[in-house]
Amino acid sequence: MKADGSQVVVAAELAVKPEERNWGFMERKTIPDGTGMLFVFEKDQVLSFWMKNTPHPLSIAYIDSKGEVSDILDMTPYSLESIRSSRSVRYALEVPQGFFKANGIFVGDRVTCRDGRSLKEILTSE
């Protein structure tokens with residue numbers, strides 16, 4: 001949910017298992033707007049992502065355990081540079097580069113599931 005109360009929907013694949021998180025969007029040449037991948041971690045921690053073997057430019061939002069976006073950063077295809085969160089977070093959402101900006105999504109906005117439940121609620125109920 002954005003600061004103004006409006007919502008933007010992202011159809012996100014889940015990367016929960018370590019092997020899913022390690023592979024992510026590697027080798028995918030196209031990622032349609034409105035889609036993404038939500039990386040889920042067991043505990044809050046400073047996260048670091050890179051773009052090894054990832055040809056599509058991405059933006060990443062680091063999200064804390066309360067669902068608040070703490071960072072939004074762009075990532076360069078094939079780069080081995082570590083893109084780190086500025087603080088401990090629980091989730092990371094990767095989308096096509098520019099999606100957050102184009103949809104007016106900023107640091108401080110909240111991420112919830114379509115039915116209004118928090119990320120933590122939906123993921124622990126599965």
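**Close-ups of a predicted model: ring cluster and sheet**

Phe39, Phe41, Phe49 and Tyr62 are joined into a cluster by ring pairs. This is a predicted model, where local features need pLDDT of at least 70 and side-chain atom pairs count only at pLDDT 80 or more, while totals for chains, interfaces and linings use all residues. Residues are numbered from 1 along each chain as its sequence is written, and side-chain values use heavy atoms, leaving out hydrogens and water.

**View 1. Phe39 meets Phe49 edge-to-face.** Across the whole structure, a search finds four aromatic pairs (ring centres within 6.5 Å, taking the six-membered ring of Trp; planes under 30 degrees apart are stacked, over 60 edge-to-face, the rest tilted). In this one, the centres of Phe39 and Phe49 are 4.8 Å apart, with 80 degrees between the planes. The pair connects distant parts of the chain, with Phe39 in strand β2 and Phe49 in strand β3 (residues 48–49), ten residues apart. Strands here are DSSP runs of E, at least two residues long, numbered from the N terminus. Phe39 and Phe49 are both buried (under 20% relative accessible area, 1.4 Å probe, protein chains only).

**View 2. Phe49 also pairs with Phe41.** Here the ring centres of Phe41 and Phe49 lie 6.4 Å apart and the planes stand at 85 degrees, so this pair is edge-to-face. Phe41 and Phe49 are both buried.

**View 3. Five strands form an open sheet.** Their order is β1-β2-β7-β4-β5, with mixed pairing (at least two DSSP bridges between two strands). At the edges, β1 (11–15) and β5 (69–75) each pair on one side only.

**View 4. β1 runs parallel to β2 (residues 35–45).** The two strands pair over five bridges. Leu14 stands opposite Leu38 in β2.

Key: Helix = DSSP H or I, 4+ residues; strand = E, 2+ residues; numbered from the N terminus. Buried < 20%, exposed > 50% of the residue type's maximum accessible area, 1.4 Å probe, protein only.
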